[in-house]
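Hi,

Here is the structure I promised to pass on. Have a look at it first, and then read on for my notes.

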Amino acid sequence: MIILGIETSCDDSAAAVVKDDRILSNVIAAQAIHGRYGGVVPEYASRAHLRSLLPVIDTALREARVTMQELDGIAVTYGPGLAGSILVGLNVAKSMALALDIPWVGINHLEGHIFANFLLPEKPVPPFLCLVVSGGHTQLVVVEDEGRYRTVGRTIDDAAGEAFDKVARVLGLGYPGGPAVASLAEQGDPCAINFPRALMQEGNFNFSFSGVKTAVLYYARSLPEESLREQLANIAASFQAAVVEVLVQKTMAAAKHWQLDTVCLAGGVAANKELRLRLEQAAAAHGCRLIVPPVALCTDNGAMIARAGVSRLRRGERSPDELGPVPSLVLGEEEGAASGGD
Ligand code: KG4
Ligand code: ZN
């Protein structure tokens with residue numbers, strides 16, 4: 001099955017061609033304009049998608065050496081994310097499917113992140129636990145089967161990636177903040193400052209990152225300019241250590257609680273080296289199998305959407321032509337997890 005995947009939920013125009021489990025191409029056009037504003041400006045994002053999406057799709061088909069007529073279907077993100085951005089991808093997908101007379105299916109962006117794991121040679125076999133950590137979401141998902149998800153923990157306020165982005169802004173590191181904080185953290189001492197770790201009681205699988213973000217803000221404000229400059233790397237390293245410790249501890253506790261011996265990682269924050277390393281060590285100590293996609297498949301991309309599409313289209317699923325963007329689409333019924341918040 002040859003599927004075109006289209007992803008435009010935020011500020012990357014992405015398209016990929018996937019043949020069953022194999023990536024034939026994976027093309028991304030990042031939007032540089034948002035750096036100037038310190039965050040994504042929704043109106044600019046949708047306009048940039050209008051300009052870049054068709055060339056990105058062309059490139060994806062060309063690199064895959066696949067013609068439009070050879071496509072068996074199209075998969076496209078329909079939520080969660082920015083309505084105007086999603087609308088661009090959705091309209092292109094629908095128009096192409098209609099013109100080519102092939103099926104199309106709408107994909108939950110978070111399901112797409114999870115499916116990055118199914119593109120690996122050592123793909124997971126459900127049931128397994130997946131930690132989904134991105135700019136907009138932080139949740140623990142029990143994947144019971146392809147298409148069957150149970151969210152067992154989620155953030156009650158900021159997502160982990162959002163905390164990285166906000167801390168980067170406080171420290172004057174620009175946008176997107178995650179990679180900038182992570183690289184500065186490499187030169188700092190993770191034990192220099194003891195930032196708070198929230199909701200660490202046993203049996204609580206929800207997250208809260210607004211406290212640590214505020215603690216960084218107050219700490220930075222309390223320092224004279226010169227000492228702030230000297231302390232920058234220590235602050236970044238100590239903040240990262242606090243976030244990573246919570247993510248790792250709760251993930252391993254959830255795997256144990258739901259008796260799952262495979263843990264997968266997904267979402268943009270999964271690109272974080274320290275998180276990958278700590279999770280690897282914890283999984284080894286718990287006798288768990290850990291699956292971590294390469295960085296290019298953790299951050300937003302079209303291949304993960306195409307692979308989720310392969311799964312749904314194979315099962316005969318089709319989306320109705322009236323399907324529109326669902327900006328706050330959720331994944332999986334909530335079990336004991338907080339509602340709202342991110
Ligand atoms: O999944 P993603 O590409 O887009 C969303 O669905 O949100 O995730 C983007 C998020 C941003 O918050 C970015 O700062 C964060 O992932 N991120 C990182 C790293 N690389 C990206 N956070 C920490 N460390 C990184 N190396
Ligand atoms: Zn994402």
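Gln 259, just after α7, takes a positive phi of about 50 degrees. This is a predicted model, so please read that angle and everything below as computed from the prediction.

The helix before that residue may interest you too. Helix α7 covers residues 225-257, and at 1.5 Å a residue its 33 residues should span 48 Å; the C-alpha atoms at its ends are 46 Å apart, which agrees. There is still a bend in α7, of about 55 degrees, and it sits at Gln 231.

Now to the ligand, which I suspect you will want to open next. Which residues come nearest to ligand 1? Of the 18 residues around it, they are Gly 135, Asp 165, Gly 178, Gly 268 and Asn 272. Asn 272 also makes a polar contact through its side chain, where an N or O atom is 3.0 Å from a nitrogen atom of ligand 1. Two histidines reach oxygen atoms of the ligand: a side-chain N or O atom of His 113 is 3.0 Å from one, and for His 109 the distance is 3.1 Å.

As for burial, ligand 1 has 550 Å² of accessible area on its own, and the protein covers 86% of that. The elements giving two or more residues to the shell are α3 (109-115), α4 (160-170) and α5 (177-185). By character, the shell residues divide into 11 polar, 5 nonpolar and 2 charged.

Happy to talk any of this through.

Best wishes

Conventions:
Residues numbered from 1 in each chain as written. Chains lettered and ligands numbered in written order. Predicted model: local features only at pLDDT ≥ 70, side-chain atom pairs only at ≥ 80, totals over all residues. Heavy atoms only, no water. Helix = DSSP H or I, 4+ residues; strand = E, 2+ residues; numbered from the N terminus. Expected span 1.5 Å × (residues − 1). Bend = angle between axes of the 7 residues up to and from the residue. Near = heavy atom within 4 Å. Polar contact = N/O pair within 3.5 Å; in protein donor to acceptor, adjacent residues only side chain to side chain. Areas by Shrake-Rupley, 256 points an atom, 1.4 Å probe, with all protein chains shown as cover. Nonpolar A, V, L, I, M, F, W, Y, C, P; charged D, E, K, R; others polar.
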